[in-house]
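Here's a quick briefing to read alongside the structure. Have a look at the model first, then work through the points below.

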Amino acid sequence: MIREEFMEEPTSSSSMNRKSCRERYEQFMEDSWCAHFFLGPNPFMARYVYALIFLVTNLLAWTIRDYGRSALSELQRLRGCYGARYCLGAEGVLRISLGCFLFFFVMFLSTVNTKKVQDWRNSWHSEWWPAKIILWLGFMAIPFFIPSAFIQLYGKVAHFGAGVFLLSQLISVISFITWLNDCCRSEKNEKRCHVQVLVVSILAYMASIVGIILMYVWYAPRPTCSLNILFITLTLALLQLMTFVSMNSKVNAGYLAPGLMGLYIVFLCWSAIRSEPHTEICNKKAEAATSADWLAIASFVIGVLVIVMATFSTGVDSKCFQFKKTEAEEEDDVPYGFGFFHFVFAMGAMYFAMLFVGWNGHQKMQKWTIDVGWASAWVRIVNQWLAALVYMWMLVAPLVWKRRHVEAT
């Protein structure tokens with residue numbers, strides 16, 4: 001009897017309680033960030049999936065370059081670098097790069113100018129992963145059926161695409177540094193962040209000077225290393241010049257931005273000298289890297305991760321490339337430019353190809369190496385000079401435009 005009464009009575013109250021609990025749970029899931037993370041199109045999560053696809057593509061290109069000849073005998077027919085056997089690996093990298101470029105370029109064409117989250121292209125960008133994985137696999141396979149002459153032509157075009165990527169990355173880094181500097185020097189944060197800015201600036205300058213000294217010790221051990229001495233000395237001169245321009249009374253940009261830019265150009269100089277061939281007598285660290293396999297492997301892994309991180313960070317930073325002010329953001333706006341995101345990854349596909357072949361499809365690359373060769377070194381050092389010039393122009397440009405405006409009126 002008790003059991004029967006217990007089974008009869010809850011049909012009204014208990015079922016209503018369960019229904020209300022379920023409604024409250026559904027409402028909670030709709031209002032919480034969990035719902036936005038797991039339910040429906042999620043562009044925030046999608047960008048990490050694209051980065052993972054890009055990382056897998058990089059690893060596939062490395063595998064083809066270093067182990068393609070021994071593991072895949074059928075790739076022997078792809079030999080097209082003037083009959084040189086070692087170019088099989090470089091050509092395989094270009095083919096993988098072409099497939100990655102085509103995938104992200106198709107995604108760029110299908111998502112460019114997406115403004116609102118209600119747009120069907122938001123769903124295409126953030127969902128439909130099985131279809132996009134099949135599309136990616138198809139583009140990975142198609143380049144292996146393309147004649148070698150076309151692949152060599154793509155390798156020449158990839159030089160320009162990689163240059164576009166480097167320029168985009170450079171602008172993104174400089175924009176972030178200037179934004180951080182302006183934020184810390186604003187009326188709201190100037191007094192509150194004064195000590196932090198001072199400490200970070202001092203540490204940045206000290207790290208830059210220490211880095212320059214270490215490069216003199218490691219990469220210019222004798223007076224005959226004139227090219228390395230020139231690179232390092234110019235880096236020191238650029239550091240002083242950027243500081244002078246930034247601290248000028250007419251510019252008055254503070255000391256945080258030139259300190260961080262100093263770290264950046266010191267890093268670019270170090271990357272350029274590290275890219276010199278390992279047979280260079282002035283490169284003591286390169287000799288150590290070749291003698292220690294674990295160090296070469298660690299440098300390679302870090303280099304690949306840096307490629308992916310640089311491509312990801314530049315791709316989501318579309319706002320710094322807007323040359324005109326847009327209207328205020330609304331809740332239904334997309335969080336970042338989908339088209340620009342895929343365009344950067346397409347250029348990044350050309351960029352990683354150049355790093356894996358040392359910006360020269362006809363040179364031999366040793367295993368577990370990346371971005372090695374005189375072409376790579378000169379690309380890095382020119383990128384450093386360009387970074388310093390762009391930064392100083394961003395400081396001086398407002399004064400120039402203001403002066404021209406006054407003269408015109």
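What follows covers the whole chain, then one pair of helices, then one glycine. Keep in mind that this is a predicted model. The chain has 15 helices and zero strands, and 44% of its 409 residues are buried.

**The chain overall**
- Take the contacts with a separation of 6 or more: 77% of them are between residues 24 or more positions apart.
- The accessible surface adds up to about 22900 Å², and carbon and sulfur atoms account for 68% of that.

**Helix 9 against helix 11**
- Helix 9 (residues 194-219) packs with helix 11 (residues 256-274) at an angle of about 20°, and their axes are 8 Å apart.
- Since angles under 35 degrees count as roughly parallel, helix 9 is roughly parallel to helix 11.
- The two helices, 9 and 11, make a left-handed crossing.
- On the helix 9 side, the residues that meet helix 11 include Val 197, Ala 204, Gly 211 and Tyr 219.
- On the helix 11 side, Leu 256, Gly 262, Trp 270 and Arg 274 are among the residues taking part.
- Sort this contact by class and you get 16 nonpolar, five polar and one charged residues.

**A look at Gly 358**
- You'll find Gly 358 in the loop between helix 14 (338-356) and helix 15 (374-408).
- Is Gly 358 buried or exposed? Gly 358 counts as buried, because its relative accessibility is 1%.
- Setting aside neighbours within four places in sequence, Gly 358 contacts Gln 363, Met 365, Val 372, Ala 375 and Ser 376.
- Thr 369 is eleven residues from Gly 358 in sequence, and their C-alpha atoms are 9.2 Å apart.

Methods:
Residues are numbered from 1 along each chain as its sequence is written. This is a predicted model: local features need pLDDT of at least 70, side-chain atom pairs count only at pLDDT 80 or more; totals for chains, interfaces and linings use all residues. Side-chain values use heavy atoms; hydrogens and water are left out. Axes are lines fitted to C-alpha atoms, for helices over the stretch in contact, and angles run from 0 to 180 degrees between N-to-C directions. Helices (H or I, at least four residues) and strands (E, at least two) are DSSP runs, numbered from the N terminus. Angles under 35 degrees count as roughly parallel, over 145 as roughly antiparallel, 65 to 115 as roughly perpendicular and the rest as oblique. A crossing is left-handed if the near helix is turned anticlockwise from the far one by less than a right angle, and right-handed if clockwise. Contact means heavy atoms within 4.5 Å. Ala, Val, Leu, Ile, Met, Phe, Trp, Tyr, Cys and Pro count as nonpolar, Asp, Glu, Lys and Arg as charged, and the others, Gly among them, as polar. Buried means under 20% relative accessible area, exposed over 50%, partly exposed in between (1.4 Å probe, protein chains only). Accessible areas come from the Shrake-Rupley method with a 1.4 Å probe; for residues, only the protein chains shown count as cover.
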